[in-house]
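Before reading on, take some time with the sequence and the model, and try each question yourself before you look at the reasoning that follows it.

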Amino acid sequence: MSEALRIGISCYPTVGGSGIVATEIGLAMARRGHQVHVISTDVPRRLDRCAENIFFHQVRARDYPVFPQAPYALALASTMASVATYEGLDVLHAHYAVPHATSAWMARQVLGNGSPKVVTTLHGTDITLVGADASYLPITRHSILHSDAVTAPSDFLRRATYEKLDLTPEAVPIEVVPNFVDTERFRPADGSEGPRLTALFGPDAATTPVLVHVSNFRPVKRVDVVVEVFARVAAERPVFLLLIGDGPDRPRVEAELRRHGLHDRARLLGKQDHFEALLRASTAFLLPSETESFGLAALEALSSGVPVVGSDVGGVPEVVRDGETGFLCDPEDVDAMAARARALCDDPALRGRMGEAARRDVLARFDEAPMVDRYEGVYRRVLKRR
Ligand code: GMT
């Protein structure tokens, strides 16, 4: 094996896709024999702390009466600098530019010569919504310009970064490394999942299709549209809805389900660590997002052999093949989404064909090993420039 690296990874620990991608990269690097130091405010949900070569460093943003808010970016930069010094990090991999790329840049100013190389992975709203906002733009742009390497999960996000941050490929080469999925964990149904659905929905679950949605219930996910689609399908035929995750829009979604008189046909499970069996037993995955740089939750559904009905926005068409592994619609066209979801509920053969195509496509394009090779290649390339 070539030289083992010491890699620092900073990310948000919440249910969001960026934390999941960061954690899966860390675990994969640790399995390859590298020493991985995860730097975050809390243990990321999918981090296996018992795994060999994984270390966790908690960021504590101390509050003080004179601060308007606890200065997270400073506390993170300070922790990054300490971990880099004490653990001799070669590389610091910042996930989600705001403020992680900036904190990494600050840590480097503190450390001077011999500081780790900084790799920034952009994820989505860190560019499209927050990073491009005037309040954060100059510092985000600067931090990206001063990273040793920058990656993005889709060509859409690569282009959006150039456009919104007024950067050029010459100034900042952005490498597209698509997100990946654990295809064993997210595998197609084998027939043993039935009792899980029956436990949730009762005996009708054996013969009734289930629409599923997984997200952090932020406005950008438009979970209210998930309910609208469900209501339109439910007006035509028996169907259940499974909602997994939690976030600011959950109360509104619960109210909408009651307004439609459909709360008895829906189950809100909140944050779940192990929802794989329920996902693969579902009929179709709904993703009506306003924007989506990639759509990791959709990739997990496709890997589970579940077709996706979603918005034709951002990087989603790079993940879901319209008409083959799912259906992509104008995000404002709720009727079209409902018609597509209903077609999958009405026609088990169509659902089966698309589910199989989805699984094949994921195995061909989004398997873990080639993507982890790509990240390792990025690390080794920036280190050569030492
Ligand atoms: O950008 C965000 O909204 C946060 C981020 C997250 O932590 O969930 O999501 C983004 O990163 C994911 C992982 O790369 C992508 O799969 C999501 O599409 C992307 N979200 C958006 O672009 C809205």
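The questions below deal with ring pairs, the surroundings of the ligand, and some residues of the backbone and interior.

Q: How many aromatic pairs does a search of the whole structure find?
A: The model is a predicted one, and a pair is counted where the centres of two rings lie within 6.5 Å. Applied to the whole structure, the search gives a total of 6.

Q: Is the aromatic pair of Phe 201 and Phe 240 stacked or edge-to-face?
A: The ring centres of Phe 201 and Phe 240 are 4.3 Å apart, and the angle between their planes is 15°. Planes under 30 degrees apart count as stacked, whereas those over 60 count as edge-to-face. The pair of Phe 201 and Phe 240 is therefore stacked.

Q: How many residues apart in sequence are the parts that Phe 201 and Phe 240 tie together?
A: Phe 201 belongs to helix H7, which covers residues 194–201, while Phe 240 belongs to strand S9, which covers residues 240–244. Phe 201 counts as buried at 8% relative accessibility, and Phe 240 counts as buried at 4%. Because one ring is in the helix and the other in the strand, the pair links parts whose separation in sequence, in residues, is 39.

Q: What kind of pair do the rings of Phe 294 and Phe 366 form?
A: The centres of the rings of Phe 294 and Phe 366 are 5.9 Å apart, and their planes meet at 85°. An angle over 60 degrees is what the class requires, so the pair of Phe 294 and Phe 366 is edge-to-face.

Q: How many residues apart in sequence are the parts tied together by Phe 294 and Phe 366?
A: Phe 294 is in the loop between strand S11 and helix H11, and Phe 366 is in the loop between helix H14 and helix H15. Phe 294 is buried, with a relative accessible area of 3%, and Phe 366 is buried with a relative accessible area of 3%. Since the two rings sit in these two loops, the pair ties together parts whose separation in residues is 72.

Q: Which residues around the ligand come nearest?
A: There are 15 residues around the ligand, and by class this shell has 3 nonpolar, 10 polar and 2 charged residues. Of the 15, those that come nearest are Gly 17, Ser 18, His 123, Thr 125 and Glu 292.

Q: How much of the accessible area that the ligand has on its own does the protein cover?
A: An oxygen atom of the ligand lies 2.6 Å from a backbone N or O atom of Gly 17, and an oxygen atom of the ligand lies 2.7 Å from a polar side-chain atom of His 123. For Gly 295, a backbone N or O atom lies 3.0 Å from an oxygen atom of the ligand. On its own the ligand has 480 Å² of accessible area, and the share of this that the protein covers is 94%.

Q: From which domains does the shell around the ligand draw at least three residues each?
A: One contributor consists of residues 6–180 + 367–384, and another of residues 194–365. Each of them supplies at least three residues to the shell, and they are domain 1 and domain 2.

Q: With which side chains does the side chain of His 93 make a polar contact?
A: His 93 is in strand S4, residues 91–95, and counts as buried because its relative accessibility is 0%. One polar contact of its side chain has a distance of 3.3 Å, and another has a distance of 2.6 Å. The partners are, in that order, the side chains of His 95 and Tyr 379.

Q: What is the phi of Tyr 96?
A: Most residues other than glycine have a negative phi. Tyr 96 is in the loop between S4 and H3, and ring pairs link Tyr 96 with Tyr 12 and Tyr 72 into a cluster. Although Tyr 96 is not a glycine, its phi is positive, at about 80°.

Q: What kind of peptide bond joins Val 98 and Pro 99?
A: Most peptide bonds are trans. Pro 99 lies in helix H3, residues 97–111, and the bond that joins Val 98 to Pro 99 has an omega of about -10°. This peptide bond is cis.

How values were computed. Residues numbered from 1 in each chain as written. Predicted model: local features only at pLDDT ≥ 70, side-chain atom pairs only at ≥ 80, totals over all residues. Heavy atoms only, no water. Helix = DSSP H or I, 4+ residues; strand = E, 2+ residues; numbered from the N terminus. Buried < 20%, exposed > 50% of the residue type's maximum accessible area, 1.4 Å probe, protein only. Near = heavy atom within 4 Å. Polar contact = N/O pair within 3.5 Å; in protein donor to acceptor, adjacent residues only side chain to side chain. Areas by Shrake-Rupley, 256 points an atom, 1.4 Å probe, with all protein chains shown as cover. Nonpolar A, V, L, I, M, F, W, Y, C, P; charged D, E, K, R; others polar. Domains from an automatic or database assignment.
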